[in-house]
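Here are my notes on this one, as numbered points. Have the viewer open while you go through them.

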Amino acid sequence: MPVPRRTAFLTAATATRAALAALRTRPPGDPSRWQRTNFAGRTVELYGGPATAVGAALGAAALAPRPRAAAGLAVLAAGACGAYDDVAGAGDPRRGFRAHLGALRGGEVTSGAVKLFGVSAAALAAGALLKERPVDKLLAGVVIAGTAHFVNLVDVRPGRAAATVLALGAPGLLRVGPGATLAAASMGAAAAVLPDDVGRRTMIGDTGAHALGAALGAAIVAGNGRAGLAVHAAGLVAAAACGDTVSRVAASAFGETR
């Protein structure tokens, strides 16, 4: 692996592990806020989410100012919006665009709606930094927001989201330039949290899933021209429209053992 990619991967992985250890040692606020019940009814921690957001953002630190700013904005904003939903929407059973937009039409602003519009706005701003032409900026925003949402869709069982980022990010390592470096950063953060996620010691929640997805989306944008962006955007919109199916497939991909 060339030096920039290796540096980004190792920086993201090291920062993620360091942040995870720091949060476990000195959790901010009430420790009970950092606990959730997973799909198998077990209590796990939520530290993996903020840790991966920090790691993915720091993994892009070696880039030139413009792509670094774009990646940092996309990752940290997506993570922050996900964190808000993790906290404010903890007891809300509604999932998916339709449910939250339906509530919005009825005059209720859910945490999911805040997350949707917040991630989308940050993605469009990041896309504007990464591309020059208006059409490309728009497509870039769709790809970054869509990838953040896609990774969250597959985060239905331990390890699914991190493994997806590793699988989808790997082809990006074959490219040159900032796209390859951003792919390495997203993969480094995902690889660092994967053992604890699979081992059911932590869950990344919306915080980590959206941050990892935004990092991967920024890598896709940085490594593709208009045609590639259009193909990715179309695929991501289709995945969002079939969100329930995507989540079901992700849940059953490797069984649903407890």
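1. Start with alanine 121: its relative accessibility is 46%, so it counts as partly exposed (that class sits between buried, under 20% relative accessible area, and exposed, over 50%, with a 1.4 Å probe and protein chains only). Alanine 121 belongs to helix H5. Its C-alpha lies 29 Å from that of arginine 17, with the two positions 104 residues apart in sequence.

2. A word on what you're looking at. This is a predicted model, where local features need pLDDT of at least 70 and side-chain atom pairs count only at pLDDT 80 or more, while totals for chains, interfaces and linings use all residues. Residues are numbered from 1 along each chain as its sequence is written, and side-chain values use heavy atoms, with hydrogens and water left out.

3. The fold comes to eleven helices and two strands, taken as DSSP runs numbered from the N terminus (helices are H or I, at least four residues; strands are E, at least two). In sequence order the pattern reads α-β-β-α-α-α-α-α-α-α-α-α-α.

4. On overall dimensions, the radius of gyration is 17 Å, which agrees with the value near 18 Å for a compact globule because the chain has 258 residues. That radius is taken over C-alpha atoms, and the globule rule is 2.2 Å times the number of residues to the power 0.38. The C-alpha trace spans about 45 × 45 × 35 Å along its principal axes. Of the 258 residues, 51% count as buried.

5. Contacts (heavy atoms within 4.5 Å) also deserve a look: among those with a separation of 6 or more, 74% join residues 24 or more positions apart.

6. Now the interior. In soluble globular proteins, nonpolar side chains tend to be buried together. A nonpolar core here is a set of buried Ala, Val, Leu, Ile, Met, Phe, Trp, Tyr and Cys residues joined through side-chain atoms within 4.5 Å. The largest such core has 33 residues, and Val119, Leu130, Val143, Ile144, Leu182, Ala214 and Val221 touch the most other members. Helices that each supply at least two residues of this core include H3 (65-88), H5 (111-130), H6 (134-153) and H9 (205-222). There is also a second, separate core of 17 residues, with Ala12, Val165, Ala190 and Leu212 among them.

7. One residue from each core is worth clicking on. Beyond its neighbours within four places in sequence, alanine 214 contacts Ala74, Val75, Ala78, Ile144 and Ala148. Alanine 190 sits in helix H8 (residues 178-198), and it counts as buried because its relative accessibility is 0%. With the same neighbours left aside, alanine 190 is in contact with Ala162, Val165, Leu166 and Leu212. Its C-alpha is 8.3 Å from that of alanine 56, 134 residues away along the chain.

8. Two loop residues to finish. Which phi does arginine 200 have? It is positive, about 60 degrees, although the residue is not a glycine. Most residues other than glycine have a negative phi. Arginine 200 lies in the loop between H8 and H9. Glycine 225, in the loop between H9 and H10, is partly exposed at a relative accessible area of 44%. The C-alpha atoms of glycine 225 and lysine 131 are 9.1 Å apart, with the residues 94 apart along the chain.
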